[in-house]
Structures are given as structure tokens and as C-alpha cells.
Amino acid sequence: MALETHPPSFRLRIDAAPILDVRHLRVEYRIGRRRKLPAVSGVSFDIRRGEILGLIGESGCGKSSIARAVMQLPPPTSGKVLLEGEDLTTLPQKRLLRLRPKFQIIFQDSVSALNPRRRIGEAIAMPLHITNSGRPSERRQRAREMMRQVGIDPENDSLRPFELSGGQCQRVQIARALITHPRLLICDEPVSSLDVSVQAQIINLLDALRCRYGLAMLFISHDLAVVKNICDRVAVMYMGRLCEIAASEDLYHSPRHPYTATLLDAVSRIDKPQALASGRTVGGIITPPENPPQGCRFQQECKRKQRLCSETEPEMKEVQPGRRVACHYTL
Ligand SMILES: Nc1ncnc2c1ncn2[C@@H]1O[C@H](COP(=O)(O)OP(=O)(O)OP(=O)(O)O)[C@@H](O)[C@H]1O
Ligand SMILES: [Mg+2]
């Protein structure tokens, strides 16, 4: 895949104050009358201006649940989601609606994310319409400008989604998400439904827009090669918890959590970066269990297991500056 992402030295300076600060996030789903599934537990991370944080882990481990909880769609069961210091989980509905333009999300399935009856120019301008910003002619103008930026001819603004390709629909989604100049963009598998060459174009576009606007991004993907290329830092998730978070290069070069090592090893052995997308699992049970075992969640698969691992759940702790790992016996 021809990626032209900017090497770290050319990237926008990453400011110290986080745009997004997620603390002790917990997401529970009701299943049946009495049962609850803790899909996400004790997850904390931050993202700074101009930074892309990757989020990887096997299918069902809770990545999209984190994305939805950050967006407050719906809000998490507990924990804080601070956007530029303001806790979204405690905001009154009105204030939350006013802040919505500042944090946006794009999904995997770009075609169904768009209203089939709406012309794409109107779809892109819709966030401005909802927030009542500008006159209709100004909104149209901004939508056309946004189309240019994402590489769609503004003359096509009256087309409808079914008249576009998957890649073009994804560009429309990106234009619609960025028209309000958000501070944070969440990308939940933004390219996995696209052809490989189109994937590269969209990744390059996201990277260019990040550099231009200093966007902070949470980038969820099964494609570990793309994550390595585009993300500054990467968080690894297993059964609803984070197990490691580190600079991309460090993580891929020398994983410190046994699960990270297993995950990277499994993918490199089958030599296909998209292997995880095809449903291949590393550890067997991959979704968060309804009743988590005592101790570490990875203990049954872990070659380094000792008694402590089945007694006490390891907390995330800093093992070197900027790197946190949740393991009693890190690699
Ligand atoms: N609305 C819901 N109600 C009940 N359970 C849910 C709901 N949404 C997700 N789950 C469960 O929560 C767990 C985490 O799901 P989530 O969609 O966050 O995983 P994911 O990491 O995004 O997976 P994938 O890589 O397949 O997209 C899974 O076990 C899933 O079945
Ligand atoms: Mg998902």
C-alpha cells in the first residue's frame, strides 16, 4: 500500500495539554433482565493536539464501545471523558449539543452512514445547519470548499450517495465530520470496507488533514501495518481492558506486554496485516467475559504466568517515560 504519511519529524508539534483525556472509563451493556456485560473496564488514555492514537485488539474486545462512550452515544456507565478539560459525561444535554461540532466520528461503512436521499453537498453542510451557523449560501460555500479539500469536485455537490464509489462516500463522511473544525476525530475502522488502493488514499488524506488542522485522532483499525504507519502512539486492548500504550515505534519494535507480543507475532507469522480482520483470533475467547476471572485477564494464554497473575489484576503502570503496561512481569 503506497502510504505517504508524514514522518514524525515533519509532524505538527504535539502540544502538552491533551485535547481528550479519558479516565477510568467503564461501559456495561444490559443483556437480558439481570445480566450485564462489562465491555470496557478501567480504561484511561489521552490524546494531544495533532496526535493520532491507534487502538488495536481483536474483534469484540471493546474498541467501538470506547469510541461510542467518548462520543456520549450513549454515555459510559462511569468514568470521565474530558474534552479540552470539560467533562462530557456530566454536561447538560444543551451544552453537550453545542459542543458536538468539536468532536466527530467517522464509521467503517460510509455508504450506510449517509442518508441515501440527501444530496452530498447538503449532507456535508448538515452539521452547520444543525448548529445554525452561517447563512444558507455561506453553508453551501463552505461545503464546496470542504469537498475540494477532501478531493471531490464541488460541481458534484448535487449527486446522491448511490451515485458515488465507496471511497468517495468515505470522503463525504470526512468532509461532513470536518466542516465544523472539530478538535477530535474518532475514526472507527475508517478504511476497512475499501479497496487497498483507496484505503491508502483515505489514510493519506486523514494524515494531511491532521497536519493542516492539528486534529487529534483516535484511530481504530484491525490493520496493524496501517496503524504503525499513521499513529504516533498505540493502545492495545484485550477483553475490555488496555494492556499496553506506547509510542508506535517502541510498541512494534519491542512489545512489553505478553499479549501485545502474541498479537504482533501472530500477525507477522501469517504475514498478512489484515489477518485480524478476517476473524483470526489469537487467544480463543476474545470478548470481555460477563464475570471476569480473578487476576489478569490474559493469564490463561500467558507463558509468563506466575501465582500473582491469578490473584491480582495488574494495573497500568509506567515502565518507561510515556509507556504504560498492565502486567506484573513485563517483557
Ligand atoms: N449494544 C450492545 N449490547 C450488548 N452487547 C454489546 C453491545 N455492543 C457491543 N456489545 C458487546 O460488547 C463487546 C465489545 O463490542 P465492541 O463492538 O466494542 O467490540 P470491537 O472491539 O469494536 O469489535 P470489532 O473489532 O468486531 O468491531 C462484544 O462482546 C459485543 O458483543
Ligand atoms: Mg468495532
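## Helix H1 across the sheet

In this predicted model, helix H1, made of residues 63-71, lies across five strands: E3 (52-56), E6, E7 (184-188), E8 (216-220) and E9 (233-238). Its direction is at about 150° to that of E7.

## The sheet

The strands that H1 lies across are E3, E6, E7, E8 and E9, and these names also appear in the order of an open sheet of 8 strands, E6-E7-E8-E3-E9-E10-E12-E11. The pairing in this sheet is mixed. Its edges are formed by strand E6 (103-106) and strand E11 (317-320), each of which pairs on one side only. From one strand to the next, the twist averages 25°.

Strands of a sheet pair through backbone hydrogen bonds, in either a parallel or an antiparallel sense. Both senses occur here. At one edge, E6 and E7 run parallel and are joined by 4 bridges; Gln-104 has Leu-185 of E7 as its bridge partner. At the other edge, E11 pairs with strand E12 (residues 323-325) in the antiparallel sense, over 3 bridges. There the bridge partner of Glu-318 is Arg-324 in E12.

## Strand E7 and its neighbours

Strand E7 is largely enclosed by the rest of the structure, because 5 of its 5 residues are buried. Both of its faces are covered. Leu-184, Ile-186 and Asp-188 are buried on one side, and Leu-185 and Cys-187 are buried on the other.

Besides its pairing with E6, E7 pairs with E8 in the parallel sense over 5 bridges. In that pairing, Leu-185 stands opposite Met-217 of E8. The chain passes from E7 through helix H6 to E8, a β-α-β crossover that is right-handed.

## Helix H6

Helix H6 covers residues 196-213, which makes 18 residues. From its first C-alpha to its last it reaches 26 Å, close to the 26 Å expected at 1.5 Å a residue. After the helix comes Gly-214, with a positive phi near 65°.

Which residues of H6 are buried? They are Gln-199, Gln-201, Ile-202, Ile-203, Leu-206, Asp-207 and Arg-210. An α-helix has 3.6 residues a turn, so residues three or four places apart point the same way. The cover over the buried residues of H6 includes strands E3, E7 and E8, together with helix H5 (166-178) and helix H7 (224-230).

## The chain as a whole

The protein chain contains 10 helices and 12 strands. It has 331 residues, of which 41% count as buried. Among contacts with a separation of 6 or more, 66% are between residues 24 or more positions apart.

## Confidence of the prediction

The average pLDDT of the protein chain is 87, and 89% of the residues score at least 70. Confidence is highest in strand E4 (residues 78-83), at 98, and lowest in helix H9 (residues 258-270), at a mean of 84.

Two stretches stay under a pLDDT of 50, namely residues 7-12 and residues 275-285. For residues 7-12 the model has 7 contacts beyond four places in sequence, and for residues 275-285 it has 17 such contacts. Where pLDDT is low, the predicted coordinates should not be read in detail.

Definitions and conventions:
Residues numbered from 1 in each chain as written. Chains lettered and ligands numbered in written order. Predicted model: local features only at pLDDT ≥ 70, side-chain atom pairs only at ≥ 80, totals over all residues. Pairing = 2+ DSSP bridges. Helix = DSSP H or I, 4+ residues; strand = E, 2+ residues; numbered from the N terminus. Axes fitted to C-alpha atoms, helices over the stretch in contact; angles between N-to-C directions. Expected span 1.5 Å × (residues − 1). Buried ≥ 20, exposed ≤ 12 C-beta atoms within 10 Å, placed from the backbone. pLDDT = per-residue confidence, 0-100. Right-handed = clockwise from strand over helix to strand, strands pointing away.
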